[in-house]
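Colleague: I'd like to learn how to read helix packing and annotated sites in a model like this one. Could you walk me through it?

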2 protein chains.
Amino acid sequence: MQKSKNVPVPVLRRMPAYLSFVQMLQKQGEKYVSSTRIADYMEIDSTQVTKDLSHTGLTGKTRVGYEVDSFVSVLEDFLGFSRVDSAFLVGAGSLGCALLQDKGLAAFGLRIEAAFDVDKAKIGTKVNDIEVFHIDQLRTMAAERNVVIGIITVPAEHAQNVADLMVAWGIRAIWNFTPARIKVPSHIVVQNTTIYMNLAILFNKLYNQEK
Amino acid sequence: MQKSKNVPVPVLRRMPAYLSFVQMLQKQGEKYVSSTRIADYMEIDSTQVTKDLSHTGLTGKTRVGYEVDSFVSVLEDFLGFSRVDSAFLVGAGSLGCALLQDKGLAAFGLRIEAAFDVDKAKIGTKVNDIEVFHIDQLRTMAAERNVVIGIITVPAEHAQNVADLMVAWGIRAIWNFTPARIKVPSHIVVQNTTIYMNLAILFNKLYNQEK
C-alpha cells in the first residue's frame, strides 16, 4: 500500500524490532501502545520512536497512543513485508537450507522460488517444497520467471561469480550471506549479512569485559 | 595471543571481510597484500584500512605491504576466532539447526556444546553430533560446564524468558537471533543478529530504486 521512502538505515534497523514488539502485544489482545512503552522496550528515548515512526505516516492518538492493529499493518507495508517478492537462492549448504526452511522469510514477504547448487547429490531434491536445480539452469529460469532478488549462500570464494551470473540474468537485488564483498554495477542493490561479523563483535565485548 | 582492545564496532564489522579476502589470497598462494589492494576490494579508502589494521598491531613492509600468513593469524587472534569458546544454543528450530550444522562457527572459534528445546520429538536427537536436551536441563548443565555464551534461536515471544534463564545460570554473553530486544543486567554482553532487519533494508533500497 504505502511505498517506503529512502529511510535512514539505523531507522530501518529499529523498525523490525518495533513491529515484533507490537505484534506480541497484538497476540496478547492489547488495543493501544504508546511511544513511551515502545521506547522502554527498546531502551531508547521516546522522541526517537516518534521520529522513526513519522517516516511511516502513522499517527498516535493523544493519551492512548498508536492503535495496535493499524500499527502492525502500516509497519508491515512500510517495511515491504506485506508485498511478496520472489527470490532465487544459490548455495544449498547448511545456511542455504536453513533459509529455505525458514517460515519467517515468507511471513516477511520473501518467497524463495528455487535453489541452485553444483553438488550433484543435491540437484533434484526438495527442501521445504523448494527444488534444488543445477546452477547452469539459473540463466533460463531467471529469464523465464520474474525474479529480482538473489540470495548468495555459497562459500566466500565463489560469491563474486554467483553475483556476476545473477546480475547478467536480471537479478536487481542481492542478499549476500558470505563474508566476501561483491562488486556489482551501481544500479544493483546489495545487502550484506554476515553472522561471523556479529560473532567478532560479541567476542570483542566479552573479552574486554574479562580484563 | 593478542588481546583485542575495545575497538569501534564499524571497524569490527569490516575486519572479518578483510580476513576473508586475505584468506582467499592465502589459498591462492600469495605472499603479500598491500592496504591499497584491500581497500580496492572493500571499496573504501586505503587510509581507512591502515587505520583499522593499526588496532591489531599488524605492520606492513614498505612497498610489499602485509605478509599474508601473519595477516591471517594476527586477525584471527584479534577477532577472537583462534580461541575456542563454548556455547549453549536454545531453540532447535530451522535457524537453530542451521547454526548447529554450520562448520563456519567452529572455524571462527565458537563450539556449540549442547542445544536445548521444549519439543519432545527433538529431545535426545543429535544435530551434527550435538545433542538436543530439554530446556530444564540447562540449569544443571550450565552449572557443571564452563559455558559463557548463550545463543537464542527461539520464537521472539520466548526470548526474554530464555535470556533470564541463561543469565541466572552463568551465561555472560548472549547472541540473540530473534527480533525481540532482551533485557539483561549491565554486565551481560548482548549481540543482536536479526536477518529480517537486513531484509527490511534490502526491500527499502529495492523499492526506492523502482520509482
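**Reading the packing and the sites**

Modeller: Let's start in chain B, where α1(B) passes α2(B) in a right-handed crossing. Keep in mind that this is a predicted model.

Colleague: What do people use to describe two packed helices?

Modeller: Two things: the angle between their axes and the distance between those axes. Here, α1 (residues 9–27) and α2 (residues 35–42) of chain B have axes that come within 11 Å and cross at roughly 115°. That makes α1(B) roughly perpendicular to α2(B), because 65 to 115 degrees is the range for that word.

Colleague: Which residues of α1(B) and α2(B) meet?

Modeller: From α1(B) you have Arg14(B), Ala17(B), Tyr18(B), Phe21(B), Val22(B) and Leu25(B). They meet Arg37(B), Ile38(B), Tyr41(B) and Met42(B) in α2(B).

Colleague: Now across the chains: how do I read α5(A) against α5(B), parallel or antiparallel?

Modeller: Go to the angle again. The axes of α5(A) and α5(B), the latter being residues 94–101 of chain B, cross at roughly 175° and come within 9 Å. So α5(A) is roughly antiparallel to α5(B), since angles over 145 degrees count that way. On the chain A side the contact is made by Ser94(A), Ala98(A) and Gln101(A), and on the chain B side by Ser94(B), Ala98(B) and Gln101(B).

Colleague: On to annotations. Which residues does UniProt list for "binding site"?

Modeller: The entry, which is unreviewed, lists Gly91(A), Ala92(A), Gly93(A), Ser94(A), Leu95(A) and Gly96(A). Of these, Leu95(A) is included in the lining of the largest cavity.

Colleague: Take Ala92(A): buried or exposed, and why?

Modeller: Look at relative accessibility. Ala92(A) counts as buried because its value is 2%, and the cut-off for buried is under 20%. It sits in the loop between β3 (85–90) and α5 (94–101) of chain A. Leaving out residues up to four places away in sequence, Ala92(A) touches Cys97(A), Phe116(A), Asp117(A), Lys122(A) and Val132(A).

Colleague: And what does Gly93(A) touch?

Modeller: With that exclusion of residues up to four places away, Gly93(A) touches Asp117(A) and Lys122(A). Gly93(A) is found in the loop between β3 and α5 of chain A, and its relative accessible area of 27% makes it partly exposed.

Colleague: Where does UniProt put the "DNA-binding region" in chain A?

Modeller: That annotation, from an unreviewed entry, covers residues 17–56 of chain A. Over residues 17–56 the chain is 70% helix and 5% strand, with the end C-alpha atoms 15 Å apart.

Methods: Residues numbered from 1 in each chain as written. Chains lettered and ligands numbered in written order. Predicted model: local features only at pLDDT ≥ 70, side-chain atom pairs only at ≥ 80, totals over all residues. Heavy atoms only, no water. UniProt positions renumbered as here; feature names shortened; annotations may be inferred. 1 Å grid on protein atoms, 1.4 Å probe; cavity = no way out; pocket = protein on both sides within 12 Å on 5 of 7 lines; lining within 4 Å. Helix = DSSP H or I, 4+ residues; strand = E, 2+ residues; numbered from the N terminus. Buried < 20%, exposed > 50% of the residue type's maximum accessible area, 1.4 Å probe, protein only. Contact = heavy atoms within 4.5 Å. Axes fitted to C-alpha atoms, helices over the stretch in contact; angles between N-to-C directions. Parallel < 35°, antiparallel > 145°, perpendicular 65-115°, else oblique. Left-handed = near helix turned anticlockwise from the far one by under 90°.
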